[in-house]
Amino acid sequence: MEPDFVPEQPAEIHFQIGEKAADRLGRIVDGNGLKAEQVRLARHETLVHQIPGAIRVALKPEMVKSQLKGKRPHGQVMANEAAIVGLSAGIAAEFIASHDVQVEIMQHIATDPGRGWGMKHFKLPLAVTRKEYCVVDECTKCGGLAAFACATCSKTGAVPCGNCNSGGMAACPVCFGAGQAEMPDGNRGPCTRCNTTGKVVCPTCQGACQLRCNKCAGKGSVSCTECDASGFWTHIYDVTLHAHGSFEVDRQQMPQDVQQVMDKLGVRQLATEEHAEIFRLMQEPTTAYLLVPYFAFLPLASVEFSIEGKVFPAGVAGLTGRIMGVDPLLDNIIKPGINALFKLSKGPLAAEALVDQACKYRVIRYALSGLAKHSKRYVYGQIIKEYPLVLSDKYAKAVVKYADVALLALSKGPRTKGLIVGTVVAAAISAAYFMTAAHAMVDNIFKQNGKPQFSVAGDAAIWLLSYVVAWLAIKIVAAGALKRMLPESVLSNEEKGLPAAGQQGKLALLTTLVPWVALAFFAVQKPGWVEAALKLLPH
Ligand SMILES: [Zn+2]
Ligand SMILES: [Zn+2]
Ligand SMILES: [Zn+2]
Ligand SMILES: [Zn+2]
């Protein structure tokens, strides 16, 4: 976790980015009418800029809450949640100064590919800070009383006796209140059960006039089930501090042009793509956060490249010697090659010399070989990628456009040859179909399946097959011819693909259709559609 050693002066490599850029440019233009060593660095003025940046890490508590019934304290007992939040903030300040916590944070930062420079916002739980608190509170349901007053008996624990209407006496069960009852001799006489009063003590309440309340078992109150009749809740707070870190560069201290270059290269990429030399300084804890300061040495050079006596000024940035701006110097250099392509498109005159002339340039060789297999759009995209800045968009497009027309012109004769061969083969296919039993067989299959009207589709499929064969013949013959005409270097990569069939491909539609129709007319067994057509003709 030691901070980086910071040299007093930027290392020598910072002042060599001009050379690096010249090498880079040399490799780009090499083989395009130039050799790599023809690109020289004529002059350079290199400044190494210091870009300050820092990760600011704050610790923020995260709480996981849970509840227990009753008074069951866990961890540190606190008055309320606000007190825990307040205490956690205080603890965060303590922990930010703790060596262990700083080590954990710095280790996390060290895992970043840029060692923290340009790091995305991160959130890191700090297990060592985990702490449990609790707040014991009155039960909100019973207000801490653990029980509710019994509503049935109004807290008295007793209810009035319904049998005697709370009078304590009930009608005599022998004389039914009359005072006189039937005697054993059959006559009526005074009731001995109630002494002729007609009333006895209430058997339900034994004269007490009231009964025990069933709802509260005579206690006058009902226990609170929310708090297990304790009157309390214990709130548990599981608190862990999380380190929240984010990186920022200090733009206020940077000149505008350095900011622009930095944004073009990407702040994070300064570290991950090694455009800049990054130094991490000693972390500084404050009461509110941990500051992890950095600074980067970013070299910028304004240079002049010299190519065959001509001078091209350019801007170069970063330790990789990235060229940020230069004139499209390749335009003029490859111009003769584009001219040769243009002349090739005009006719076969001096084709061999023109091909040689065009193929002197690597970018044109690439376009010629690429177009044999890929779309113009793809080839253009690849060229733009491989020749950033040094080739203008206009010239990149011209290379693709004229390579395409030159290829078409070069392969025109072979394509015509291919068309002739293809047409002959196509006619042979149609003949083999109509002049043998094949057509009748296909016709029968459709008839047997009750779909004679589809017989024509079978015939059409034969024409389509013959057309595809002719179209392939054009491409194959053209590919063979181009292979002979173009230098080996153009066709060196063994990718699969065939050149375009061009105008001849469209012509093949007609040259295969004609023999197909003619042979159908002269077929051994004329197709139904031919018979129908013949009937329409005037006799
Ligand atoms: Zn309660
Ligand atoms: Zn009660
Ligand atoms: Zn009685
Ligand atoms: Zn009673």
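User: Before looking at single residues, which counts make a residue buried, exposed or partly exposed?

Analyst: A residue is called buried if 20 or more other C-beta atoms lie within 10 Å of its own, exposed if 12 or fewer do, and partly exposed in between. This is a predicted model, and the labels below are computed from it. Take Leu536, which lies in helix α15, residues 528-536: it has 6 other C-beta atoms within 10 Å and is therefore exposed. The C-alpha atoms of Leu536 and Ile105 are 92 Å apart, and 431 residues separate the two along the chain.

User: Is Arg212 buried, exposed or partly exposed, and where in the chain is Arg212 found?

Analyst: Arg212 belongs to strand β11, which covers residues 210-212. Because Arg212 has 14 C-beta neighbours inside 10 Å, it counts as partly exposed. Leaving aside residues up to four places away in sequence, Arg212 touches Gly157, Ala158 and Gly218. With Ala158 there is also a distance to read, since the C-alpha atoms of Arg212 and Ala158 are separated by 4.5 Å while the residues are 54 apart along the chain.

User: Let us turn to the buried side. How many residues does the largest nonpolar core have, and which have the most contacts inside it?

Analyst: The largest nonpolar core has 103 residues, and those with the most contacts inside it are Ala296, Ile364, Ala367, Ile383, Val399 and Ala403. Strand β16, residues 290-307, gives the largest share of this core, 11 residues. To follow one member, Val399 touches Ile338, Val363, Ile364, Ala367 and Ile383, when residues up to four places away in sequence are not counted. There is also a second, separate core of 6 residues, which includes Cys139, Cys142, Ala146 and Trp233.

User: How are two packed helices described?

Analyst: Two packed helices are described by the angle between their axes and the distance between the axes. In this structure, helix α8, residues 362-371, packs with helix α9, residues 376-386, at an angle of about 150°, and the axes are 9 Å apart. That angle makes α8 roughly antiparallel to α9. The crossing of α8 past α9 is right-handed. On the α8 side the contact involves Val363, Tyr366, Ala367, Gly370 and Leu371, which meet Lys376, Val379, Gln382 and Ile383 of α9. Sorted by class, the contact of α8 with α9 has 6 nonpolar, 2 polar and 1 charged residues.

User: At what angle does α8 pack with helix α10, and which residues make the contact?

Analyst: Helix α10 covers residues 393-410, and α8 packs with it at an angle of about 55°, with the axes 9 Å apart. The two helices, α8 and α10, are therefore oblique to each other, and their crossing is right-handed. From α8 the contact takes Val363, Ile364, Ala367, Leu368 and Leu371, and from α10 it takes Val399, Val400, Ala403, Asp404 and Leu407. By class, this contact has 9 nonpolar residues, no polar ones and 1 charged residue.

User: How do helices α13 and α14 cross, and which residues of α13 and α14 meet?

Analyst: The axes of helix α13, residues 455-485, and helix α14, residues 502-521, come within 9 Å and cross at roughly 140°. It follows that α13 and α14 are oblique to each other, and α13 passes α14 in a right-handed crossing. Among the residues of α13 in this contact are Trp463, Tyr467, Trp471 and Ile474, while those of α14 include Leu509, Leu513 and Trp516. Altogether the residues of the contact of α13 with α14 divide into 10 nonpolar, 5 polar and 1 charged.

User: What sign of phi do most residues other than glycine have, and what is the phi of Ala146 and of Thr196?

Analyst: Most residues other than glycine have a negative phi. In this model, phi of Ala146 is near 70°, a positive value in a residue other than glycine, and phi of Thr196 is near 60°, which is also positive. Ala146 sits in the loop between β4 (131-138) and β5 (147-149); it is buried because 20 other C-beta atoms lie within 10 Å. Thr196 is found in the loop between β9 (188-190) and β10 (199-201), and Thr196 is partly exposed, as 15 other C-beta atoms lie within 10 Å.

Note on methods:
Residues are numbered from 1 along each chain as its sequence is written. Chains are lettered from A and ligands numbered from 1 in the order in which they are written. This is a predicted model: local features need pLDDT of at least 70, side-chain atom pairs count only at pLDDT 80 or more; totals for chains, interfaces and linings use all residues. A nonpolar core is a set of buried Ala, Val, Leu, Ile, Met, Phe, Trp, Tyr and Cys residues joined through C-beta atoms within 7 Å. Helices (H or I, at least four residues) and strands (E, at least two) are DSSP runs, numbered from the N terminus. Two residues are in contact if their C-beta atoms, placed from the backbone, lie within 7 Å. Axes are lines fitted to C-alpha atoms, for helices over the stretch in contact, and angles run from 0 to 180 degrees between N-to-C directions. Angles under 35 degrees count as roughly parallel, over 145 as roughly antiparallel, 65 to 115 as roughly perpendicular and the rest as oblique. A crossing is left-handed if the near helix is turned anticlockwise from the far one by less than a right angle, and right-handed if clockwise. Ala, Val, Leu, Ile, Met, Phe, Trp, Tyr, Cys and Pro count as nonpolar, Asp, Glu, Lys and Arg as charged, and the others, Gly among them, as polar.
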